[in-house]
Amino acid sequence: MRTSAFLESTDLCLQAQEAVAQDEPVLLRSPVEIDLLLEFARSTAHGLRQDPPGLECRFLYDRRGCELFEEICGLDEYYLTRTERSILERHSSDIRDITGPVTLIELGSGSSVKTDLLLRAWLDRDGMVPYVPVDVSDSALRSALRSISARHDEARLVGVNSTYEEAFPLFAALSPVMVIFLGSTIGNLDREEFDRFLEDLSDGLAPGDFFLLGVDLVKDSEFIERAYNDGRGVTGDFMKNLFVRMNRELGSGVDLHGVEHEAVWNRRREQVELYARFTGPQTIHVEPLDEVITFEAGDRVLLEISRKFVLPDLERSLERFGLRSKAVYTDENDWFALLLLQKAEPGD
Ligand SMILES: C[S@@+](CC[C@H](N)C(=O)[O-])C[C@H]1O[C@@H](n2cnc3c(N)ncnc32)[C@H](O)[C@@H]1O
């Protein structure tokens, strides 16, 4: 197996352009110099002091969090992954027919397991595929790069360890591109974040570039709720792992036995809300900032939302950002959709 070269990037775009022409997989880091621990501490203290309190879901994905997420993807109740996979199995080569031989940039790529279907469609047609997975999780990226390079010698791989937004300048540098955002991860953004994300993403794309978006659709609420309340309690472990991380990295001292998982469907907002409920009082420390926040029995902290979408409404929203549907693929039950969008010409 080829080994990755790790670069500190001051000019991510130039480095990505060079790296995508190389045979060896490369891992680039965000050009933004940040102290990750301090960022986690600030976000946690700020989130816990909000009314109602909530934490940023990107911090769920430390090494253990990524492993637990992969386990969730294989659960019977969690229909999302296998349904999206079935759509990709049927339509990856149709997607390649429409886009032509563009560079693939994937946001929040995780294990990249489903993306393999797209990589194969590109390789079958073009004999090579430039693929740029972007993820905040260093461990998920390294392991995805290792397994893809072991399977596909002809893939040109450039991992980017950064947030979504830090990677947006890459779109112009690597255009023509298809930006990929799978797993209905866009549903983790609230309405305000969703608008800002799409505006910035669309600004980064050149007219004619593509955006492939996987979304979970509104359906029977009990069926949806079951996906987030699995019988083995893996989703609960995934949520609780954030407190394990806080205890380890921030010295939070959370009593883990006093944390319960709660996932409920909010009909008005058409979203699942995943909370940690405290069964007794909690005193949570954020040591790097010397802060202490207290909670009473019964208090809840929002850890993640998962919005569900109605296709015509979603297509109208995307159109507002100059992202026009070229094709919409769904499964036989209309549970999940994959939208292939194209950035419109200005004024079009
Ligand atoms: C819900 S998982 C989806 C993984 C994969 N795309 C799939 O469909 O199975 C979200 C992924 O996005 C990454 N992630 C979460 N927030 C992020 C952010 N703000 N910037 C970059 N990556 C992020 C996580 O590390 C995780 O790998």
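Visitor: What makes up the shell around the ligand, by class?

Guide: In this predicted model, the shell around the ligand has five nonpolar, eight polar and four charged residues. Glycine is counted as polar in this scheme.

Visitor: Which residues come nearest to the ligand?

Guide: There are 17 residues around the ligand, and Y61, G108, K114, D135 and Y164 come nearest. To be counted as near, a residue needs a heavy atom within 4 Å of the ligand.

Visitor: What makes the pair between D135 and the ligand a polar contact?

Guide: The cut-off for a pair of N or O atoms is 3.5 Å. An N or O atom in the side chain of D135 is 2.6 Å from an oxygen atom of the ligand, so the pair is a polar contact.

Visitor: Which backbone atoms lie at such distances from a nitrogen atom of the ligand?

Guide: For G108, a backbone N or O atom lies 2.7 Å from a ligand nitrogen. For V136, a polar backbone atom is 3.3 Å from a nitrogen atom of the ligand. Both values are within 3.5 Å, so both pairs count as polar contacts. The protein covers 93% of the 590 Å² of accessible area that the ligand has on its own.

Visitor: Why is T185 called buried?

Guide: Buried means under 20% relative accessible area. T185 has 18%, so the residue is called buried. T185 lies in the loop between β6 (177-181) and α9 (191-204), and its side chain reaches the backbone oxygen of L182 at 2.8 Å.

Visitor: Is L189 buried or exposed?

Guide: The relative accessible area of L189 is 13%, which is under 20%, so L189 is buried. L189 is also found in the loop between β6 and α9.

Visitor: Which residues is L189 in contact with, leaving aside its neighbours within four places in sequence?

Guide: They are F194, F197, I305 and R307. Contact here requires heavy atoms within 4.5 Å.

Visitor: How far from L189 is E222, by C-alpha atoms?

Guide: The two C-alpha atoms are separated by 22 Å, with L189 and E222 33 residues apart along the chain.

Visitor: What are the bounds of the domains?

Guide: Domain 1 is made of 5-31 + 77-219 + 309-343, and domain 2 is 221-307. Their C-alpha centres lie 29 Å apart. The contact between them takes 18 residues from domain 1 and 15 residues from domain 2.

Terms used: Residues numbered from 1 in each chain as written. Predicted model: local features only at pLDDT ≥ 70, side-chain atom pairs only at ≥ 80, totals over all residues. Heavy atoms only, no water. Polar contact = N/O pair within 3.5 Å; in protein donor to acceptor, adjacent residues only side chain to side chain. Areas by Shrake-Rupley, 256 points an atom, 1.4 Å probe, with all protein chains shown as cover. Helix = DSSP H or I, 4+ residues; strand = E, 2+ residues; numbered from the N terminus. Buried < 20%, exposed > 50% of the residue type's maximum accessible area, 1.4 Å probe, protein only. Domains from an automatic or database assignment.
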